[in-house]
Amino acid sequence: MKKHFISQLTFVTLFGMMMVLTACKQVSAPIVTTDLVTVFTSTTATIGGNVTSDGGASVTERGVYWGSILNPVTTGTKLQIGSGTGSFSTIVTGLTANTNYYVTAYAINSKGTSNDGQVGFTTAN
């Protein structure tokens with residue numbers, strides 16, 4: 001009887017420790033970087049970013065804000081480009097020749113939204 005009680009006590013203790021460790025798991029917002037514009041013409045550009053860490057929770061949305069005015073997060077267009085970690089990109093079309101544009105990558109998980117610094121580029125003539 002004593003041996004059975006010790007086994008149950010050990011199981012309960014280990015289970016309790018596992019629950020405490022699980023409850024203490026730190027989740028943070030994801031880490032995302034904005035890629036440099038790699039290809040552009042007078043009317044198109046390839047823009048994107050890279051989610052390098054999910055922060056301990058699934059990245060449910062990632063993409064870019066972009067526009068022709070500084071600070072595209074508040075002034076530009078939001079463009080979702082999938083979910084999860086890793087690199088992502090898209091081609092934007094309909095741009096105006098010889099115009100400055102700005103891009104900021106973003107990623108969202110259950111903890112919050114992360115944005116990277118903006119990258120600027122100018123379309124060709």
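## Serine 114 and its surroundings

Let us start with a single residue. Setting aside neighbours within four places in sequence, serine 114 touches Ala29, Pro30, Val32, Ala105, Tyr106 and Ala107. The model shown here is a predicted one, so it is worth keeping that in mind throughout. Serine 114 sits in strand β7, which covers residues 112-115.

Is serine 114 buried or exposed? Its relative accessibility is 13%, and because buried means under 20%, serine 114 counts as buried. Its side chain also has a polar partner: one of its polar atoms lies 2.5 Å from the backbone oxygen of proline 30. Proline 30 is also among the residues that serine 114 contacts.

## The chain as a whole

Stepping back, the chain contains two helices and eight strands. Followed along the sequence, these elements give the pattern α-β-β-β-α-β-β-β-β-β.

Of the 125 residues in the chain, 31% are buried. The exposed surface of the chain comes to about 7600 Å², with carbon and sulfur atoms supplying 59% of it. Contacts across the sequence are worth a look too: among those between residues at least 6 apart, 65% join residues at least 24 apart.

## An open sheet of three strands

Which strands make up the open sheet, and in what order? There are three, arranged β1-β2-β5, and their pairing is antiparallel. Strands β1 (31-34) and β5 (86-92) form the edges, each pairing on one side only. On average, neighbouring strands of this sheet are turned by 20 degrees against each other, with direction ignored.

A closer view of one pairing helps here. Strand β2 (residues 45-53) and β5 run antiparallel and are joined by seven bridges. One position to look for is glycine 48, whose bridge partner in β5 is serine 89. As background, strands of a sheet pair through backbone hydrogen bonds, either parallel or antiparallel.

## Threonine 104 in strand β6

Strand β6 spans residues 100-109 and includes threonine 104. This threonine 104 is buried, with a relative accessible area of 3%.

What does threonine 104 contact, leaving aside neighbours within four places in sequence? The list runs through Thr34, Gly63, Val64, Tyr65, Pro72, Val73, Asn115, Asp116, Gly117 and Gln118.

## Aromatic pairs

How many aromatic pairs does a search of the whole structure find? The search finds three. One of them joins tyrosine 65 and tyrosine 106 in a tilted arrangement, 5.1 Å centre to centre and with 50 degrees between the planes. Tyrosine 65 belongs to strand β3 (residues 61-67) and tyrosine 106 to strand β6, so this pair ties together parts that are 41 residues apart in sequence. Tyrosine 65 counts as buried at 14% relative accessibility, and tyrosine 106 is buried with a relative accessible area of 0%.

Tryptophan 66 and tyrosine 101 form another tilted pair, with 6.1 Å centre to centre and 50 degrees between the planes. This pair links distant parts of the chain, since tryptophan 66 is in strand β3 and tyrosine 101 in strand β6, 35 residues apart. Tryptophan 66 counts as buried at 18% relative accessibility, and tyrosine 101 is buried with a relative accessible area of 7%. Ring pairs also bring in Phe121, linking Trp66, Tyr101 and Phe121 into a cluster.

Key: Residues numbered from 1 in each chain as written. Predicted model: local features only at pLDDT ≥ 70, side-chain atom pairs only at ≥ 80, totals over all residues. Heavy atoms only, no water. Pairing = 2+ DSSP bridges. Helix = DSSP H or I, 4+ residues; strand = E, 2+ residues; numbered from the N terminus. Axes fitted to C-alpha atoms, helices over the stretch in contact; angles between N-to-C directions. Buried < 20%, exposed > 50% of the residue type's maximum accessible area, 1.4 Å probe, protein only. Polar contact = N/O pair within 3.5 Å; in protein donor to acceptor, adjacent residues only side chain to side chain. Contact = heavy atoms within 4.5 Å. Phe/Tyr/Trp six-rings, centres within 6.5 Å; stacked < 30°, edge-to-face > 60°. Areas by Shrake-Rupley, 256 points an atom, 1.4 Å probe, with all protein chains shown as cover.
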